[in-house]
Amino acid sequence: MSMAMAYQQKLAEKLTILNDRGRGVLLRMNYIKKTCSDPKLRPQYLTDKTMEASVKYINKKFPNIDFRGNSQQHLTGIQRQKTEVMTTMSSYYDSFIDVMEFRDHVYELLNTIDACQCFFNIAVNFDFTKNYLELIITYTSVIFMLSRIEDKKVLVAMYNCAHEMSNGSSDPAYPRLSQMFMEYEQPIKKLTEEFGPHTKMTCEYLSLEVMERWILLGYLLCHSSLNTNQSSQELWKMALRSGLYLTIVRDETINIHKVTEECFEGLKGYSKRFADIKECREYAIVNSGAMHRERRGFLRNALKELVKVLEDEPGLLGPKVLFVFMALSFSRDEVLWLVRHSENIPKTKTPEDYVDSQMAELLFYMERLRTLVTKYSRVVQRYHIQYLAQFDALLLNDTIQNMYVCPEEESVLMTSFVSTLSALTIKQVENGEEFDFRALRLDWLRLQTYTSVSKAPLSLKDYPDLAKVMNMTQFHTKMLDNVEEMLHETSDLSILCFYPRVFEKMFSQSSEEVSMQRYLMSFPLACSHFNQTLHQLCPEEGREFFPGNLFWVVLPSVSRRRVCRVFSEEEAVEKRSLRLCVTFLEEIARQTSSVILEICAEQCNLNDQLLPKHCGQTISAARNKKQKKQTPKKGEVQREKPGAESQRKDRAIVTNSDFTVFNHIVTPTEFLISQLEARLTKIIVRMAHYNQTTQEVGRPSDLLAGIQAYTASLHTLSRYLSLDVTRLVKNVLLQQTQPLDSYGGQTITTLYTNWYLEGLLRQASSNLIVHCPTMHCFVNQTIENEQSFRAEEYSDISEMQALAELIGPYGLKFLSENLMWHITSQVGELKKLKRLPAGENVLKRMTIIGVILSFRTMAQDTLEDIMQKHCPYLMGPIESLRDLVSPDTDIKVTLTVFELASAAGLTCDIDPALVAAIASMRTDNSSVDEEYKLTCLLLIYIAVSLPTLALDPNSYYSRHYGGHHNNIHCLATAVNQLSAAMFTAENKNIEQHLKEFLLVASSTLLQLGQNVENRMDSKNRDSIYLLLHMIVEASPFLSQDMLESCFPYVLLRNAYREVYKTFIITLG
């Protein structure tokens, strides 16, 4: 063939296009094979009972199917649904036609290359040889996949039958298509007839797996050289010893020893080759697993050292980036070898060679190298742009000058190489300019094809220096514009997407190895490779594993454009990738959160040992030792002192930055935060130690101390990873201020609300617990049946402040709402009492209301303290706004301001929550006047019933408590707050009605003083007098002047003297 013809054949362009086309056709054959082998995805006409006869007939008669005569009865099912059959089978039929057309184009190109008598040597014309071998292997893989589709004859014949029935003639492509199917019934024997031998391969960063595939499949097709060329035979045997299985596409493999034996079977002169195959197979079974295990061990250490060096000196990436790609390529080969052999473990004495619990470390350092190359790409660019302009261009120019033959076409190309490289400057990198050397590399491929044909004026094999310089230059240009593609070529792990079981097993094995847990993030990071598995010529792949989102697209074809009914291109692989990624991240987050919370629990225990409540035993032991009391009995466990447990405990937490999986930005720390949030929520609730059966609960201060210990431990995480601990803690604690958390579980707000209502206030309403104004808490009565808890340990100022700190304003609002429900229940009962003999009952219910309101007042006071502590600048304006409210202010404005102030814990003249609760009791049937009369009557009930309190022996005033033993001092709070709320809801004057109440109450109590005959009345009379004084003191609407106008002050003074003289005060 003339040189002009070689130029016109465009071998470089055809190789490039057909290689890409072949990968797409191969993926489509894989898709059809997967679809037809999956019962859930098989075309409906292959499983339809009405089509069974047609399918059997086609399989029996293929390819010669008679559409007339007696055969019509077998094709009735197709006849009835011919249009639907054509629509369904068209995409499969067109895909098989694409295989045929691809074969035709490959044949044409190979014949052209053969006619040109091209020379191949991967050390010289690297790209030409590589593309040529890739095309042969891709074509062979397509034929292998075609032969594995068992239903291909039925799919094609059913379409052709429907076409014949619809159009009266067969499809024009059917005869050749059916003939191709028949020829490739035994694909290996047919393929061996189509190729001739080519040898000599070497390259630094080219994948060993790729070269093994070239060698094994190449010599499978061109096996004659194995008997004549000793070097070919040694190369072939070396590849056979490496493993048992060879990848065709994704998870489709072949047993290379078995396939080779089948190919050589029946051939003369190949008996020695059978012996070689058997020897290599036995060697691979015995030694390949251990060999590859040792390789992985070596690569783990080598990559670790390389990462450490490059992290310390990233500038070395410039001159040493080739070693990075070599390391990645070797490591990727070992990962893929293990993956495909893990699915097909041979019968061996050492199956552990096919299990690697340290895979996480190798994957991790692969990802680190990828990250370093990407991060410091500018460093790589700066180095190589200077290398290209100041060395490669000069060396190439000198090489060209020393050539004694240089045709015009080749001279133009080489001159353009020199000019392009010489024009490069480092400022282009500094200015962030985008580079594109694809045209230069394509020209170099063209030059290789021109100079590799027979009788070329310029033969590349005569100028190895030119090939060496240009191959090196091509690599250097890729460092400027194609680093991502190089990373993909050398370290792509997307095949793991199609081995999910093996991938998950590797993760599980690594997670069980303590030393590997720090590297587990490499597994979700590997999922970011999976988007590289797709090809634009196989958009149907979306239907393979996840049918849905139907639409129409136009598929490109070599010879035509056609429309196929397909599903989302990326949806299947995307869904699987995200599922694997999320599964890995959730497990990593679960394990990490477990460790973190164990550390927090330990810190919480240590903090608990330092609480004052535990010092008693230590003090007692020291006192006994000083007084020389008996030592503890033998065998008794000695309590360790705080600090005895101080041993160095270390846990390295390794993290990675965000990464992308199919355009989804994945943030690993968010998975950790999610796990910590869920677990911490449960831990806080458990730390409350609430028991509904026994009505036991932990003290708020103990719980607060535990949470503070957990929070302090969690904040140490920021030393190891970029984790917003403050946001985590705020989210968790904010949920605890609500009745239910985000998972629907009970919170400490609900638990403490239930306990204070059922455990504390219920007993206070029965006078088993007394409200103690002096100490601002509740205390237990001194009775024989001791309570299960001490009320003051849960209700003093420190505990109430801890409660306010824990559940905050939102939680206290929920508590207040529950308190109001109980108050309205009592008020509802009070409104039913219309006879004076029920006076004791009225006072009893009013006392209960007073106890509840006294507890709420305590909670509000502590909330004010907490709010002043956390947000003093907010409290100032709220206080000023409250103080601006006057009696003349509109009631709606007043209640709005008081609601704001009350939410911040400030005391208000009128309780807005109580007003709202009272107003909500009003029904449609009740009138305002009737409600008003009942309120006035209630106050009269209370006023006239006060003297009856003197009959109760527990109605005496205690100086120690600052109140009465039966909690009647809480009547002062109840009368003031309840009357204010009720008259506000009825829009009446509060002060006027309280004055009337004071007059009636004073009159009845003065009558009590005149009754000197009843000793019981006189015994507690002074204590009841003080109650009147308490009502005035607690009221913002009454004053001492009002009290003195209707009740003599001398009686109050004498009453205080009487109740206090029983206490002996000792001074000195």
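Which residue lies over the face of Tyr932? In this predicted model, that residue is Lys988, placed 4.8 Å from the ring centre of Tyr932. A second contact of this kind involves Phe119: the charged end of Lys461 sits over the Phe119 ring, at 5.2 Å from its centre.

Aromatic side chains also meet one another, and the structure holds 36 aromatic pairs. One of them joins Phe62 and Tyr174 in an edge-to-face arrangement, with 6.4 Å from centre to centre and 90° between the planes. Phe62 belongs to the loop between α4 and α5 (76-80), while Tyr174 is part of helix α9 (residues 174-183), so this pair ties together parts that lie 112 residues apart in sequence. Phe62 counts as buried, at 9% relative accessibility, and Tyr174 is likewise buried, at 7%. The pair of Phe120 and Phe128 is tilted, because the ring planes meet at 35°, with the centres 4.9 Å apart; both of these residues are buried. Elsewhere, a single aromatic cluster is formed by Tyr752, Trp755, Tyr756, Phe778, Phe789, Tyr794 and Phe855.

Turning to the surface, a nonpolar patch consists of Leu881, Leu884 and Leu900, which together have about 290 Å² of accessible area. Within this patch, Leu884 is found in the loop between α34 (872-883) and α35 (891-903). Leu884 is exposed, because its relative accessible area of 68% is over the 50% cut-off.

Asn59, in helix α4 (residues 52-61), is partly exposed at 44% relative accessibility. Its C-alpha atom is separated by 9.0 Å from that of Asp151, although the two residues are 92 residues apart along the chain.

Notes:
Residues are numbered from 1 along each chain as its sequence is written. This is a predicted model: local features need pLDDT of at least 70, side-chain atom pairs count only at pLDDT 80 or more; totals for chains, interfaces and linings use all residues. Side-chain values use heavy atoms; hydrogens and water are left out. Patches are made of residues with over 30% relative accessible area and no salt bridge: like charges are joined within 9 Å, nonpolar side chains (Val, Leu, Ile, Met, Phe, Trp, Tyr) within 5 Å. Accessible areas come from the Shrake-Rupley method with a 1.4 Å probe; for residues, only the protein chains shown count as cover. A salt bridge is a side-chain nitrogen of Lys or Arg within 4 Å of a carboxyl oxygen of Asp or Glu. Helices (H or I, at least four residues) and strands (E, at least two) are DSSP runs, numbered from the N terminus. Buried means under 20% relative accessible area, exposed over 50%, partly exposed in between (1.4 Å probe, protein chains only). Rings of Phe, Tyr and Trp (its six-membered ring) pair if their centres lie within 6.5 Å; planes under 30 degrees apart count as stacked, over 60 as edge-to-face and the rest as tilted. A charge sits over a ring if NZ of Lys or CZ of Arg is within 6 Å of the ring centre and within 35 degrees of the ring normal.
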